[in-house]
Amino acid sequence: MPLGIRRSGIRPLSSMGGHAVDPWRSFRRTVGVVLFGWAAAAVTAGASYLALRWVWVPIAVGVVLCLAFVVLLALLHRAGWIALLSLVPALFILVGAVQYAPEAALEVRGVRESVVIVADSATGKDGKNHRLTLRTADGGELEERLTHNGSGAPGVGDRFDVIRDPEGVVPMEQADDVDAAGRLGGLIAGLVAWTLMAVLAGRRGHVRRRQGKTESLLLSL
């Protein structure tokens, strides 16, 4: 019987001896995953812009959407390794999308101040949640505290510049840490990497489906 004729219980075969897989369907799947990745970044950035006061909101949204992209990439590829690799650009996308909006706001309307640390109210386990009291060059203390979570916090007596939001919406940051262009660059670089990975995953996934490889996604190469 000629190849490619369907019989009960037998899959149709392509002229190359593999299973018949519609290339346009694979193309649409690939485009869909690419668009989802770009939409995930846009939604996270939008959540950051709308919730400038609550940084946990875009972080939560971004983590969920990034993990969803990783799952879609694994299903598209029919293997797990490229999905695991996509976690690296996902970190750039998450940081860029979450931090671009507040840092851009600080660059646009922020007030730069030269300050010195006069007190540190460290809380939390091992005292790593720092709330730093700052004194300006004219001798007045800023009402807002500079927060630093983790090790490596500046100590009492250290001098540096900060940028604060006069509207009190965006938390104050050290001036050297404010780099909206860098956050945007990292976001775009991550999206480019995601796009290339999705194209590769779509191509390899198409080939794997033609070959009938449907084993475990995590163990497949």
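In this predicted model, the side chain of Thr133 makes a polar contact with the side chain of Arg145, at 3.1 Å. Thr133 sits in strand S2, which covers residues 129–136. Its relative accessibility is 8%, so Thr133 counts as buried, the cut-off being under 20%. Leaving out residues up to four places away in sequence, Thr133 touches Val116, Ile117, Val118, Ala119, Glu141 and Arg145.

Now for the sheet around that strand. It's an open one with five strands, running S3-S2-S1-S4-S5, and the pairing is antiparallel. At the edges you'll find S3 (146–149) and S5 (173–174), each pairing on one side only. Further in, S1 (residues 111–120) and S4 (residues 159–164) pair in the antiparallel sense over six bridges. Take Val115: its bridge partner in S4 is Phe160.

The helices have their own story. The largest nonpolar core has 17 residues, and the ones touching the most other members are Val33, Leu73, Ile93, Leu187, Leu191 and Trp194. Four helices each supply at least two residues of this core:

| Helix | Residues | Supplied to the core |
|---|---|---|
| H1 | 23–50 | at least two residues |
| H2 | 56–77 | at least two residues |
| H4 | 87–109 | at least two residues |
| H5 | 180–210 | six residues, the largest share |

As a general tendency, nonpolar side chains in soluble globular proteins are buried together.

Which residues does Val33 touch, not counting those up to four places away in sequence? They are Phe69, Leu72, Leu73, Leu76 and Ala198.

Note on methods
Residues are numbered from 1 along each chain as its sequence is written. This is a predicted model: local features need pLDDT of at least 70, side-chain atom pairs count only at pLDDT 80 or more; totals for chains, interfaces and linings use all residues. Side-chain values use heavy atoms; hydrogens and water are left out. A nonpolar core is a set of buried Ala, Val, Leu, Ile, Met, Phe, Trp, Tyr and Cys residues joined through side-chain atoms within 4.5 Å. Buried means under 20% relative accessible area, exposed over 50%, partly exposed in between (1.4 Å probe, protein chains only). Contact means heavy atoms within 4.5 Å. A polar contact is a pair of N or O atoms within 3.5 Å; within protein, one must be able to donate a hydrogen and the other to accept it, and residues adjacent in sequence count only if both atoms are side-chain atoms. Two strands pair if DSSP finds at least two bridges between them.
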